[in-house]
Structures are given as C-alpha cells and as structure tokens.
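Got your viewer open? Load the model, switch to a cartoon view, and keep the selection box handy.

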Amino acid sequence: MPIQRINLSKGASDYPEALSTYDGSAPVYRVVLWPHRSLPRGGFVFFIAITCVMLTFPLLPLIGTAAIWVLLPFLVLTVTLLWVFIMRSYRSGHLVEELSLWPDHITLVRREPDGRRQDWATNPYWVEVVSHDKPVAAYLTLRGGPREVEIGAFLTPEERTELKEELEEKLRFLAVNKR
C-alpha cells in the first residue's frame, strides 16, 4: 500500500525538515504517500527477459535468411521502447507527498520526480478535508487558508476514502484537545 503512517515515538524521521516546527516539537501525525508500483525491479528484469525470449521464437525459422535482418531491427526497437517507457514510469514513482500535523499548523510537502518541491501550510483549525466526485472518484483536497490543494491524487478511491476518514479524525482530535 502506498501509504506510510509514521510512528514518531520510535525515533528520528528520514525527512528531518518535516519535523522542524516553530517550537521544535515533533508532529502529532505524519503520513507519507507515493504512487503504487505494480512491477518491482526484479519483476522488470524478468519481464524484459521473457519478452526477449518470446520475440526470438518467430526468428528461429528465419536464421540464415535475409528476412531475419528485416525483422530484427523492429524487435530490438520494441524491446528498447519497452525498456525506456517502463524506466520512465519508475521515475514518475519518485513522487512523494508528506503530510505533517502539529497542534498549531499543518504542512503538505510534495516532492516531484524532477526534484521540485511544493509546500503548503496553514492552521489545522481552519482545514477542511473535501472529497469530490470529479476529476476522479473520491478526489481528495485540503481546503484552508487562501488555497485548496489536492492530496493523494495517485491513490485508489478506497485509499483516498480511508485517508479522508483518518485525516478528519486527527483534525477532530486536535480541535477537541485545544479546548
């Protein structure tokens, strides 16, 4: 599952900038989100190997003929393009969203695969977790302060619904404890 809930009582974070706050305290809730990868690296190697083997079967009867030289460049191009597009998909998997919640503020940090970073922060008292039906089912946004930001757009609708319920619970918990 591409959701990691961080138990901050176990020790230091792997993202130290997320733990720095105005007063130096650790967040009361932290979750890291990333896109699901259905093909692990080991599976990628296996898939490319099987593809190469399967593409050589039609070439076996053509060994020693001029026709092999007509087909071979297309088969090599097929495997090369498959490799390039799967590697491109892996690079897009480096997208990470990190939500951290403190009693006095909430931050959402989005790290793009190209290294860009987008930050959003506001007071959790004013944050509303909103679920939309468009552009996808259970599209999740956080509304608070001057803007509304999406969160977990790459998650499945079930995961977004689960995340929404969890965030609403944590925000209610903070609102009750402030009183």
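Here is a tour that goes from the whole chain to its cores, a strand, a helix and some charged pairs.

**Before you click**

This is a predicted model, where local features need pLDDT of at least 70, side-chain atom pairs count only at pLDDT 80 or more, and totals for chains, interfaces and linings use all residues. Residues are numbered from 1 along each chain as its sequence is written, and side-chain values use heavy atoms, with hydrogens and water left out.

**Stop 1: the whole chain**

Colour by secondary structure. You should find four helices and eight strands in the protein chain. Here, helices (H or I, at least four residues) and strands (E, at least two) are DSSP runs, numbered from the N terminus. Going along from the N terminus, the order is β-α-β-α-α-β-β-β-β-β-β-α.

How much of the protein chain is buried? Of its 179 residues, buried ones make up 35%. Buried means under 20% relative accessible area, exposed means over 50%, and partly exposed is in between (1.4 Å probe, protein chains only).

Now for contacts, meaning heavy atoms within 4.5 Å. Among contacts in the protein chain with a separation of 6 or more, 53% are between residues 24 or more positions apart.

**Stop 2: the cores**

In soluble globular proteins, nonpolar side chains tend to be buried together. A nonpolar core is a set of buried Ala, Val, Leu, Ile, Met, Phe, Trp, Tyr and Cys residues joined through side-chain atoms within 4.5 Å. Select Leu99, Leu142, Ile151 and Leu163: these have the most contacts inside the largest nonpolar core, which has 20 residues. At least two residues of this core come from each of β2 (29-33), β3 (96-101), β4 (106-111), β7 (139-144) and α4 (157-178). Which element gives the largest share? That is α4, with four residues.

Zoom in on Leu99 and show what surrounds it. Leaving out residues up to four places away in sequence, Leu99 touches Tyr29, Arg30, Val31, Ile106, Thr107, Leu108, Leu142, Ile151 and Leu167.

Then jump to Phe44, Val79, Ile86 and Tyr90. They are part of a second, separate core of five residues.

**Stop 3: strand β2**

Go back to β2 and show its side chains. Five of the five residues of β2 are buried, so β2 is largely enclosed by the rest of the structure. Rotate the strand and you can check both faces: Tyr29, Val31 and Leu33 lie on one side, with Arg30 and Val32 on the other.

Next, add the neighbouring strands. Two strands pair if DSSP finds at least two bridges between them. β1 (residues 3-5) pairs with β2 in the antiparallel sense over three bridges, and Gln4 stands opposite Val32. β2 also pairs with β3, again antiparallel, over five bridges. Look there for Leu33 opposite Glu97.

**Stop 4: helix α2**

Select residues 41-56. This is α2, with 16 residues, and from first C-alpha to last it reaches 23 Å, close to the 22 Å expected at 1.5 Å a residue. (The expected span of a helix is 1.5 Å times one less than its number of residues.)

Colour Phe44, Ile48 and Thr51, the buried residues of α2. They cover an arc of only 60 degrees around the axis, which puts them on the same side of α2. (The arc is that of the directions from the helix axis to the C-beta atoms.) What covers these buried residues includes α3 (67-92). Turn to the face pointing away from the buried side and you meet the exposed residues Gly42, Val45 and Phe46.

**Stop 5: charged pairs**

A salt bridge is a side-chain nitrogen of Lys or Arg within 4 Å of a carboxyl oxygen of Asp or Glu. The structure holds ten of them; try three.

- Glu112 and Arg110: the closest N and O atoms are 2.7 Å apart. Glu112 counts as buried at 15% relative accessibility, and Arg110 counts as buried at 18%.
- Arg116 and Asp114: the closest N and O atoms are 3.0 Å apart. Arg116 is partly exposed at 48%, while Asp114 is exposed at 54%.
- Arg143 and Glu128: the closest N and O atoms are 3.4 Å apart. This pair links distant parts of the chain, with Arg143 in β7 and Glu128 in β6 (residues 128-132), 15 residues apart.

For a last selection, pick Glu97, Arg110, Glu112 and Glu150. Salt bridges that share partners join these residues into one network.
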